[in-house]
Amino acid sequence: MAALLHSIVFLSALVQGSESSSVFVLKGQDVLLDVQENFKLKEFEFFKWTFRSANIVRCTDTLSVRVSPEYNNRVEFRNFSLLLKNIQQNDSGPYTAVVSGDKEKTIIEYLLVLQERVEPPVLTVNSDSTINATCNVTVTCRGQNTSVTSSCNSRTCSQVDGESRGAETSTVPLLSVYVAGGSIICNHSNRVSWSNDTKERVELCPMKSGQEEKASTVGIYVGVVGFIVTALIFFVWQKLNKRKLTAPAASYYSRKEDFINTDYATVGTPVNGQAGGEEQMSPGPGPTSPTIYSRVGLPQP
């Protein structure tokens with residue numbers, strides 16, 4: 001991890017390399033201050049690194065190196081580059097690489113800025129509401145004597161109160177609030193460290209969003225079930241109505257056939273009867289049943 005931090009600081013110096021470059025360093029970290037490539041001393045020239053007005057290390061054209069006593073075991077000289085170890089608060093300030101000969105020339109200058117690790121921020125929820133099935137949340141992000149209040153939805157957060165100065169232009173840590181991966185994130189960072197606090201967005205409006213989703217699902221189920229029930233009722237009603245229409249006709253034809261096949265009494269002239277007499281045979285249950293006669297037209301004896 002330390003090697004990675006060294007590389008980051010070293011690359012920062014190269015990218016920002018110019019007449020003056022700022023390097024942000026975490027307290028206790030090592031940092032390498034580099035010079036221009038292919039640098040060589042001419043005869044009778046000497047090279048030195050200075051901090052403010054004090055010399056740190058000096059090198060002659062014969063590559064004889066001398067480190068100032070107060071920096072013994074705290075610096076290393078590597079091919080004109082300077083490695084500073086275990087940076088502390090008193091090490092913040094300008095570092096200059098100078099070549100002296102007939103004239104004095106500044107090769108490069110760095111402004112070393114010491115920063116401590118940021119404190120973990122605190123993200124609090126002020127209020128939440130659901131409008132048109134969208135959960136809107138107002139949150140406050142606090143860290144190191146500063147705070148930011150933002151309004152967040154499912155996609156983005158917009159600041160509504162507080163101060164958040166950029167760490168890239170100031171030594172004051174940066175506070176930022178944003179939405180990522182379904183969470184609201186409060187990020188507290190400076191140029192050498194960062195920390196955050198997170199709230200799951202789905203937990204902020206659980207009842208409202210859950211009720212709306214449940215109501216929508218229930219509505220769909222009710223519609224489908226209602227359609228099926230209505231179709232079944234209509235189908236059964238058609239069946240029953242068709243049976244009612246066909247049943248009377250069948251009954252009618254059945255009764256008509258019974259009427260035609262019914263045996264009725266016959267009227268004729270009896271063989272042994274008196275003249276003018278008529279025989280009447282009443283209906284009976286069958287051909288073997290006794291026939292009952294009645295005489296008509298003549299007085300009875």
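1. Buried, in this note, means under 20% relative accessible area and exposed means over 50%, with partly exposed in between (1.4 Å probe, protein chains only). The model is a predicted one, in which local features need pLDDT of at least 70 and side-chain atom pairs count only at pLDDT 80 or more, while totals for chains, interfaces and linings use all residues. Residues are numbered from 1 along each chain as its sequence is written, and side-chain values use heavy atoms, with hydrogens and water left out.

2. On overall composition, the protein chain has two helices and 18 strands, these being DSSP runs (H or I of at least four residues for helices, E of at least two for strands) numbered from the N terminus. Of its 301 residues, 30% are buried. The accessible surface, computed by the Shrake-Rupley method with a 1.4 Å probe and, for residues, with only the protein chains shown counting as cover, comes to about 20300 Å², and carbon and sulfur atoms account for 55% of that area. Taking contacts (heavy atoms within 4.5 Å) between residues at least 6 apart in sequence, 44% join residues at least 24 apart.

3. The largest nonpolar core, meaning a set of buried Ala, Val, Leu, Ile, Met, Phe, Trp, Tyr and Cys residues joined through side-chain atoms within 4.5 Å, has 27 residues, and F47, W49 and L84 have the most contacts inside it. At least two residues of this core come from each of β1 (21-26), β2 (31-33), β3 (46-51), β4 (54-60), β7 (81-84), β8 (93-100) and β9 (104-115), with β9 giving the largest share, five residues. Leaving aside residues up to four places away in sequence, L84 touches Q29, D30, V31, L33, R74, V75, Y95 and L112. Another core, of 13 residues, lies apart from this one and includes C135, C152, L175 and C186.

4. The salt bridges, each a side-chain nitrogen of Lys or Arg within 4 Å of a carboxyl oxygen of Asp or Glu, number five by this rule. One of them joins the side chains of E116 and K27 at 3.9 Å, N to O. Because E116 lies in the loop between β9 and β10 (122-131) and K27 in the loop between β1 and β2, this pair ties together parts that are 89 residues apart in sequence. Both ends count as partly exposed, E116 at 48% relative accessibility and K27 at 41%.

5. A salt bridge between the side chains of K48 and E104 (3.8 Å, N to O) likewise links distant parts of the chain, with K48 in strand β3 and E104 in strand β9, 56 residues apart. The two ends should be read separately, since K48 counts as buried at 14% relative accessibility, whereas E104 is exposed, with a relative accessible area of 59%.

6. K85 forms a salt bridge with E76, in which the closest N and O atoms are 2.7 Å apart; K85 is partly exposed at 26% relative accessible area, and E76 is partly exposed at 28%. A network of salt bridges links E76, R78 and K85.

7. On the surface, V224, F227, I228 and L232 form a nonpolar patch with about 420 Å² of accessible area together, where a patch is made of residues with over 30% relative accessible area and no salt bridge, like charges being joined within 9 Å and nonpolar side chains (Val, Leu, Ile, Met, Phe, Trp, Tyr) within 5 Å. V224 is found in helix α2 (residues 206-260) and counts as partly exposed, at 44% relative accessibility.
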